[in-house]
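Hello,

Here is the structure I promised to pass on to you. Have a look at it first, and then read on for what turned up when I went through it.

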Amino acid sequence: MGGYLEVAGARVSYGELEVLKGVDLSVAKGEFVALLGSSGCGKTTLLRTIAGFHTPSHGAIRIDGRDVTREPPDRRGMALVFQSYALWPHMTVDQNIGYGLKIRRVGAGAAAARIAEVRALLGLDALGRRKPGELSGGQRQRVALGRALAINPDILLLDEPLSNLDARIRLTVRHEISALQRRLGITAVHVTHDREEAMVMADRIVILNGGEIAQVGTPQQVYNQPASDFVAAFMGAENVIDLDVLAGGETLIVAEGPHNRRAALSRQGRDLASGSAMARFRSEAISLVDARGSDGEPGPGVLQLEGVVGQVSYPGGLWRHVIHLGERTVMVDAEHCFEAGTAVHLRIRDDRLYLFPRS
Ligand SMILES: Nc1ncnc2c1ncn2[C@@H]1O[C@H](COP(=O)(O)OP(=O)(O)OP(=O)(O)O)[C@@H](O)[C@H]1O
């Protein structure tokens, strides 16, 4: 069975530049999907293609089984909310919320009832007569959301709607949008370059890289089981080291190296052949042990690296250590402070170690 919203093999170009290189995506009814990726990877282009502002050169967009690839935006049952709010400055909050209803020639009585309903839904009751210039950023974005919801869209498309808001307001509006989307059961596609925002808001995250999908999964999947080196790095596993791996059955043997002990790790579904591998891990995924007090035996399923503490800082919560492993450095966060110059053992459980073939 297909999804409610389907993007099938979509290719989109601006002149010579192909920005989407064959994107397949299936979104279930009522699902909240975040499109996440670095600047220029094609997130906005994909959202605008779904909305109908770009026509793919190949592939199709389907809603509930209906091919809408050639249909104009206003025939797709979607509403788009922009980063810039795009409110009419000369209109009141009520008039802005009702704008889509007016265009659709909804009668005055029905429109007024719907505007009141949406205003209440978004906590804008006291502000109906104000103009956008008399509102805070968070309130303006709520009005923009109200205008989108007023037309009762089947699909809500959000293009970085929170990025103009200051950090604290962003957290509040983030939760408001999530709660509303769930309450209304509306299907939503949300573009963001903010990893945490995608993690906390979305049912599933689509990670784009250079116009292609790098991984699709729940927040837990993309965070804990990154499908590629790119995804691991993008999801914050910034430490990288080289290992030699012997793959056999359910076990991966890591050969002893200049800065690591030999280790037997469980394969855990990793698709890895014997040879040179790249390992990534997060700075908080490590337990740090003073080499003098260590028995040198990390136990099964744990990789041990051996290094020396360089710079130490306290960004808050945990101590941040730069650790030298020969020429390489890695970052390690720990509850206790290990002084510069201390010889340390870094222990990483195999489920926290992301291994990829070195290409
Ligand atoms: N109208 C356009 N004409 C030509 N090139 C464009 C146009 N719009 C976007 N591009 C290019 O297409 C690529 C993808 O742009 P897009 O806006 O989809 O990326 P994005 O992932 O949303 O980035 P950002 O997070 O910076 O908004 C970029 O290289 C961009 O420069």
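Let me start with one residue and work outwards. V118 sits in helix 4, which covers residues 108-121. Please keep in mind throughout that this is a predicted model. V118 is buried, because 24 other C-beta atoms lie within 10 Å, and the cut-off for that class is 20 or more. Setting aside neighbours within four places in sequence, the contacts of V118 are I97, G146, L149 and A150. I97 is 21 residues away along the chain, yet the C-alpha atoms of V118 and I97 are separated by 7.9 Å.

Three of those partners, G146, L149 and A150, are among the buried residues of helix 5, so I turned to that helix next. Helix 5 runs over residues 137-150. Twelve of its 14 residues are buried, so helix 5 is largely enclosed by the rest of the structure. The buried set includes V143, A144 and L145, but also R140, R142 and R147. These buried residues pack against strand 6 (78-82), helix 2 (93-97), helix 3 (99-103), helix 4, strand 7 (155-159) and helix 6 (167-184). The length of helix 5 is as it should be: at 1.5 Å a residue, its 14 residues should span 20 Å, and the end C-alpha atoms are 20 Å apart, which agrees. Helix 6 passes the same kind of check, with 18 residues, an expected span of 26 Å and end C-alpha atoms 26 Å apart.

What happens to the backbone just after helix 5? There N152 takes a positive phi of about 55°. N152 belongs to the loop between helix 5 and strand 7, and it is partly exposed, with 13 other C-beta atoms within 10 Å. R105 is another residue other than glycine with a positive phi, near 55°. R105 lies in the loop between helix 3 and helix 4 and counts as exposed, because it has 7 C-beta neighbours inside 10 Å. Helix 6, for its part, is followed by G185, whose phi is positive and near 65°.

G185 also leads to another loop. Apart from neighbours within four places in sequence, G30 is in contact with G185 and T187. G30 is found between strand 2 and strand 3 (32-36), in the loop that joins them, and with 14 C-beta neighbours inside 10 Å it counts as partly exposed. The C-alpha atoms of G30 and D154 are separated by 9.1 Å, although these positions lie 124 residues apart along the chain.

Now for the overall picture. The protein chain has 359 residues, of which 37% are buried, and its secondary structure comes to nine helices and 20 strands. Along the principal axes, the C-alpha atoms fill a box of roughly 80 × 45 × 35 Å. The domain assignment gives domain 1 (5-228) and domain 2 (237-357), with 40 Å between their centres, taken over C-alpha atoms. Among contacts between residues at least 6 apart in sequence, 67% join residues at least 24 apart.

In soluble globular proteins, nonpolar side chains tend to be buried together. Here the largest nonpolar core has 90 residues, and those with the most contacts inside it are A34, L35, L157, V206 and I207. Helix 5 comes up again, giving the largest share of this core with six residues. Both domain 1 and domain 2 give residues to the core, so it lies between them. As for I207, its contacts, leaving aside neighbours within four places in sequence, are L36, G37, A214, Q215, V222, V231 and F234.

G37 brings me to the ligand, since it is one of the residues around it. The others are Y14, L17, V19, S39, G40, C41, G42, K43, T44, T45 and H193. Which element gives the most to this shell? Helix 1 does, with three residues. Strand 2 (17-27) and helix 1 (43-51) each supply at least two. By class, the shell has four nonpolar, seven polar and one charged residues.

Do write back once you have been through it yourself.

Best wishes

Note on methods: Residues are numbered from 1 along each chain as its sequence is written. This is a predicted model: local features need pLDDT of at least 70, side-chain atom pairs count only at pLDDT 80 or more; totals for chains, interfaces and linings use all residues. A residue is near a molecule or strand if its C-beta atom, placed from the backbone, lies within 6 Å of it. Helices (H or I, at least four residues) and strands (E, at least two) are DSSP runs, numbered from the N terminus. Ala, Val, Leu, Ile, Met, Phe, Trp, Tyr, Cys and Pro count as nonpolar, Asp, Glu, Lys and Arg as charged, and the others, Gly among them, as polar. Domain bounds come from an automatic or database domain assignment. A nonpolar core is a set of buried Ala, Val, Leu, Ile, Met, Phe, Trp, Tyr and Cys residues joined through C-beta atoms within 7 Å. Two residues are in contact if their C-beta atoms, placed from the backbone, lie within 7 Å. The expected span of a helix is 1.5 Å times one less than its number of residues.
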